[in-house]
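Please work through the exercises below with the sequence and the 3D view side by side, trying each task before reading its solution.

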Amino acid sequence: MSAVGRPGAAPRREATRRLRRLPLHAGAALTVALCLFPVYWMVATAFKPSRDIQSADPQFLPRTWTLEHFRTAVQADGFAHFWRNSLLVTAGAVLLSLVVALAAAFAVARMRWRGRRQFVLAVFVAQMAPWESLIIPIYIIARDTGMLDRLLTLTLVYFMITLPFTVIVLRGFMTTIPPELEEAAQVDGCNRFEAFRRIAFPLLAPGLMATSLFGFITAWNEFAYANFLIIKNQDHRTLPVWLSSFQDTFGTDWGATMAASTLFALPALVVFLALQRHVTSGLASGAVKG
C-alpha cells in the first residue's frame, strides 16, 4: 500500500504543514504586536489619570479610567477649527484626485494615442519621487505666486501627492473590465460617456474605495507641507501642525496630548473600517493587472 493510501497520512501531512508555518505565524504575530503597541500605549495613556502617567512604575492597563484628558483636548483653543481645516483640505484633495485620475486612467486604459506609454512611465516616476524633495520648489512657487498661508494651496499639494498612485491603481483596475461591455452598451444606443458611466463606473467601486482610503490617510496625516506653507496665518493650520505645538500649550500634560492624538486618529480609523471590504481587491487588482 502506498503512502498516499495509508490511513492517517493526510492528517499527518496537514500537521507537518502547520508546524512548518508556525515560525511564519509567530513572526507575523510579533510584527503586528510591535506595530500596534505604540497605538495601544497612546490610547491607554489618554485614559490614565495624570498621577499614573507620571508614575515611575508604568502600568499597561489604567488603574483608574478618566475622560478628563479628552475634555481638556476638546476644549483646547482651536481644536474644532483645525479639525475643520484638516477635513476640508483632505476631502477636497481626495475628490479632486479621484476626478482627474479617473479621466486619466480611462484615457490610458481605453484609448490609443501617441505618448501613452511615456505618460504611464512619467506617472510611475512621479510616484517614486520622495515628497520631501519637492518642499523647497513648492515653497518658492507658492511664495512667488502669493499662495502661502492658504488652505487651497495645501489642497492642491495633497492632490499632487495622491494623484500618481490614484492613476496607477485606477488604470490597473480599469484594464480588468472587458471593453466589450461598453461596446455592447454603445450598440444599444449609449454614447461613450454614458456607456462608461452606466457600465464601467459601478464596477470601479473597489478601486475608487482603495484610492480614496490612501488619499485620505496621506492628506490627513501630512505634516511637512502644512508646516512650511502655513507660516503667518496660524488660523489655516491643520491638526498635525496643531498637535506639534500641543505639548507647549499643555506643558507636561501628556494625557491631554495623547487624548488629542487619539481623537486625531479616529477619522482615519473610521474611514478604513468603512472601506476595508473593498480595499484588498482594489489594491490587488490595481497592482497586478494591466
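Two exercises follow, one on the surface and one on the interior of this predicted model.

**Exercise 1.** Find which residues make the nonpolar surface patch, name the helices that each supply at least two of them, and decide whether Val99 is buried or exposed.

*Solution.*
Step 1. Begin with the members of the nonpolar surface patch, which are Leu96, Val99, Val100, Leu152 and Leu156, and which together make an area of about 410 Å².
Step 2. Place the patch on the helices: H4, running over 79–110, and H7, running over 151–174, each supply at least two of its residues, and the largest share, three residues, comes from H4.
Step 3. Take Val99, which lies in helix H4, and consider its relative accessible area of 59%; because a residue counts as exposed when this value is over 50%, Val99 is exposed.

**Exercise 2.** Establish how many cavities of 30 Å³ or more the structure holds, then describe the lining of the largest cavity by its residues, its elements and its polarity.

*Solution.*
Step 1. The structure holds one cavity of 30 Å³ or more, and the volume of the largest cavity is about 30 Å³.
Step 2. Its lining is formed by Val94, Ser97, Leu98, Thr162, Thr166, Thr211, Ser212 and Gly215, with H4, H7 and helix H10 (205–221) being the elements that give two or more residues to this lining.
Step 3. Sorting the lining residues of the largest cavity by polarity gives two nonpolar, six polar and no charged residues.

Technical notes
Residues are numbered from 1 along each chain as its sequence is written. This is a predicted model: local features need pLDDT of at least 70, side-chain atom pairs count only at pLDDT 80 or more; totals for chains, interfaces and linings use all residues. Side-chain values use heavy atoms; hydrogens and water are left out. Patches are made of residues with over 30% relative accessible area and no salt bridge: like charges are joined within 9 Å, nonpolar side chains (Val, Leu, Ile, Met, Phe, Trp, Tyr) within 5 Å. Accessible areas come from the Shrake-Rupley method with a 1.4 Å probe; for residues, only the protein chains shown count as cover. A salt bridge is a side-chain nitrogen of Lys or Arg within 4 Å of a carboxyl oxygen of Asp or Glu. Helices (H or I, at least four residues) and strands (E, at least two) are DSSP runs, numbered from the N terminus. Buried means under 20% relative accessible area, exposed over 50%, partly exposed in between (1.4 Å probe, protein chains only). On a 1 Å grid over the protein atoms alone, a cavity is a set of points where a 1.4 Å probe fits but cannot get out, and a pocket is an open set with protein on both sides within 12 Å along at least five of seven lines; lining residues have an atom within 4 Å of a point. Grid points are joined across faces, edges and corners, and a volume is the space filled by probe spheres set on the points. Ala, Val, Leu, Ile, Met, Phe, Trp, Tyr, Cys and Pro count as nonpolar, Asp, Glu, Lys and Arg as charged, and the others, Gly among them, as polar.
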